[in-house]
Amino acid sequence: MEKNLLTKKINIIYLTRNGLLEPLGQSQIFSYLRGLSKYYSITLISYEKFQDFSNSELMNNAEKDCIKHGIRWLPQKFKPNLNIFFSVLSILKMIWLVKKVVNQEGCKLIHARSYIPAFVALIINRLKGTPFIFDMRALWPEELITAERIKRNSILHRIIKILEKLILKKSSAVISLTNAAVNHIKSMYSANIKNKLIMVIPTCVDLKKFKPNIKKNHNSKIHGCLGTILSGWFRIDLLSSWIRFASLRDPKLLFEIITRDDAKKIRMIIDPENDLKENLKIKSVLSKDVPAAIHLHDISLMFFSPGLGKLGSAPTRLAEALGSGIPVVVNKGVGDMDDVIKKNNVGVVVDGDGKRQIEEAFEKLQTLLKDPELSSRCYNTAISIFSLDKGIEKYHMVYKAILNRKNI
């Protein structure tokens with residue numbers, strides 16, 4: 001069977017509601033598919049945002065890239081903010097499209113990225129018997145509650161939880177971003193996932209792109225922050241508290257926020273009186289320039305809203321910082337970040353929101369920054385946990401396990 005898999009490409013479907021043309025689509029979808037396309041004939045069904053779908057140059061370049069790697073790309077238009085009727089209609093159209101592709105291509109496996117694609121894959125599984133992978137990404141029902149889009153125990157919440165249970169039970173494998181999320185679903189659905197193939201694959205990054213800047217000292221004293229911070233998931237209040245405290249302890253400290261968010265709005269929240277002046281910089285850079293920008297930082301700050309909704313989160317910026325040889329400062333309660341940082345000694349964890357907790361973390365950071373092996377340790381941690389090559393290898397292992405089970 002192993003020999004057949006390596007010599008004959010088996011048709012599979014990769015189904016996602018994210019867009020291939022989004023930054024996330026490029027880093028967390030296409031990066032993996034390029035590697036997997038060496039072993040499988042992949043049909044990618046993605047849902048592109050209007051501004052991307054209408055950009056002919058972007059679409060043409062992406063199509064050429066897919067053709068180059070033997071990937072059949074079927075881009076669909078993403079329609080946000082649909083009411084219930086049109087949401088159901090959209091799902092029915094997705095079911096029809098996937099069923100059509102299964103019939104045409106004889107696809108042997110569906111890789112469903114997140115909950116709605118997994119529900120579609122569940123229906124196809126019932127209709128055609130095609131096995132599917134539930135790549136859950138995060139705990140979507142809990143995220144919806146945290147974002148106040150639904151209420152716990154409401155009718156919609158109960159429906160989603162019933163579907164979650166069915167998807168977990170009927171899927172051939174489950175992929176999670178974190179061990180914390182796996183422990184949660186095991187406690188909730190132990191009978192449904194007994195003997196289930198479960199693989200933890202965090203958000204990985206291309207370490208050929210995020211090359212390490214190995215530092216033996218951290219004297220430049222730049223505290224950096226990368227990515228969106230106005231999303232509602234980011235603790236901008238904790239970032240603001242850290243910056244205020246750190247700037248009082250050392251007025252020479254510099255702070256740089258690299259984001260596409262509204263710079264004026266961020267400054268009004270963090271430094272409304274403009275006390276920091278040029279010591280606080282807020283700017284955006286092109287995706288290709290992000291690795292070089294991170295190299296200028298001594299540490300990377302990242303604070304997220306904790307709770308059940310974030311147990312399944314593995315922030316990409318964590319992998320990017322560590323891959324660049326940069327230690328991190330985080331808050332507790334988000335996915336596996338606490339464990340990764342503490343076990344590998346690659347940063348500090350702020351254990352609370354108060355001034356005392358921030359002060360304790362700041363003092364620990366000063367000691368850590370004196371360690372000449374810190375940057376190397378960060379990079380080695382990224383290699384062992386967040387390497388794109390290892391992520392591709394793990395997906396390949398899951399695919400083979402399912403296909404071997406079907407004796408294809």
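Apart from its neighbours within four places in sequence, Q357 is in contact with V350, D351 and G352. This description rests on a predicted model.

**Residue Q357**

Q357 lies in helix α15, which comprises residues 355-368. Its relative accessible area is 18%, and because buried means under 20%, Q357 counts as buried. The side chain of Q357 reaches the backbone nitrogen of G354 at 3.2 Å. A173 stands 184 residues from Q357 along the chain, and the C-alpha atoms of these two residues are separated by 40 Å.

**Helix α5**

Helix α5 covers residues 84-105. For its 22 residues, a rise of 1.5 Å a residue predicts a span of 32 Å, and the end C-alpha atoms are 32 Å apart, which agrees with that expectation. The buried residues of this helix are M94, I95, L97, V98, V101 and V102. Viewed down the axis of α5, these buried residues fall within an arc of 165 degrees, so they line one face of the helix. The face turned away from the buried side carries the exposed residues F85, K93 and W96.

The elements against which the buried residues of α5 pack are tabulated below.

| Element | Residues |
|---|---|
| β1 | 10-16 |
| β2 | 40-48 |
| β3 | 72-77 |
| β4 | 109-113 |
| α6 | 115-128 |

After α5 comes G106, whose phi is positive, near 65 degrees.

Notes: Residues are numbered from 1 along each chain as its sequence is written. This is a predicted model: local features need pLDDT of at least 70, side-chain atom pairs count only at pLDDT 80 or more; totals for chains, interfaces and linings use all residues. Side-chain values use heavy atoms; hydrogens and water are left out. Helices (H or I, at least four residues) and strands (E, at least two) are DSSP runs, numbered from the N terminus. The expected span of a helix is 1.5 Å times one less than its number of residues. Buried means under 20% relative accessible area, exposed over 50%, partly exposed in between (1.4 Å probe, protein chains only). The arc is that of the directions from the helix axis to the C-beta atoms. Contact means heavy atoms within 4.5 Å. A polar contact is a pair of N or O atoms within 3.5 Å; within protein, one must be able to donate a hydrogen and the other to accept it, and residues adjacent in sequence count only if both atoms are side-chain atoms.
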